[in-house]
Amino acid sequence: MNGDNQPQQEQHRVVERIARVETAIDYQDKAQSLLHEAMQRGFARIDQQFDRLQDELVRMNGQITQARTTDFRILLGICMTTAFGTIGLIVKVFSAL
């Protein structure tokens, strides 16, 4: 008698195991979908931060270029003043002799 019910019991166990596997796969799909959405939101946020950083770097580059131009003009003026002052001093000394 016990031998007659054994194939049905095994079949019932197989059906239970298949149901567990299907349930586990469903949970895995949901978890994967949630992870995918979270990663997309994270990447979008990182892209926004990179865009802001790039805008800030462009702005700073403009400021540095402007400061560099101003510094060059000041240094050129100092060099020219020194050169003309030295030339004037030399002319005055040699013309007085």
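A nonpolar patch lies on the surface of this predicted model. Leu35, Met39, Phe43, Ile46, Phe50, Leu53, Leu57, Met60 and Ile64 make up the patch, and together they have about 880 Å² of accessible area. One of these residues, Leu35, sits in helix H1, which covers residues 2-96.

That helix is the one helix of the chain, and the number of strands is zero. The outline of the chain can be given in numbers. Its C-alpha trace spans about 140 × 20 × 5 Å along the principal axes. The radius of gyration is 41 Å, whereas a compact globule of 97 residues would have a value near 13 Å.

Two residues give a further view of distances along the chain. Pro7 and Arg45 are separated by 38 residues in sequence, and their C-alpha atoms are 57 Å apart in space. Pro7 has its place in helix H1.

Turning to the surface, the chain exposes about 9,300 Å², and 61% of this area is supplied by carbon and sulfur atoms. Of the 97 residues, 1% count as buried. Relative accessibility for three residues is given below.

| Residue | Relative accessibility | Class |
|---|---|---|
| Pro7 | 51% | exposed |
| Glu56 | 33% | partly exposed |
| Arg59 | 40% | partly exposed |

Pro7 counts as exposed because its relative accessible area, 51%, is over the cut-off of 50%. Glu56 falls in the partly exposed class because its 33% lies between the limits of 20% and 50%. Arg59, at 40%, is partly exposed because its value lies between those limits too.

Charges come next. The chain carries 11 positive and 12 negative charges, and the mean positions of the two groups are 16 Å apart. How many salt bridges are there? The count comes to one. This salt bridge joins the side chains of Glu56 and Arg59, with a distance of 2.2 Å from N to O. The pair counts as a salt bridge because a nitrogen of Arg lies within 4 Å of a carboxyl oxygen of Glu. Where do Glu56 and Arg59 lie? Both are in helix H1, and they are three residues apart, which is about one turn of the helix.

In short, the chain has one helix and zero strands, with a nonpolar patch on its surface and one salt bridge.

Note on methods. Residues numbered from 1 in each chain as written. Predicted model: local features only at pLDDT ≥ 70, side-chain atom pairs only at ≥ 80, totals over all residues. Heavy atoms only, no water. Helix = DSSP H or I, 4+ residues; strand = E, 2+ residues; numbered from the N terminus. Rg over C-alpha atoms; globule rule 2.2 N^0.38 Å. Buried < 20%, exposed > 50% of the residue type's maximum accessible area, 1.4 Å probe, protein only. Areas by Shrake-Rupley, 256 points an atom, 1.4 Å probe, with all protein chains shown as cover. Lys, Arg positive; Asp, Glu negative; His and termini not counted. Charge placed at Lys NZ, Arg CZ, Asp CG, Glu CD. Patch = residues over 30% accessible without salt bridge, like charges linked within 9 Å, V, L, I, M, F, W, Y side chains within 5 Å.
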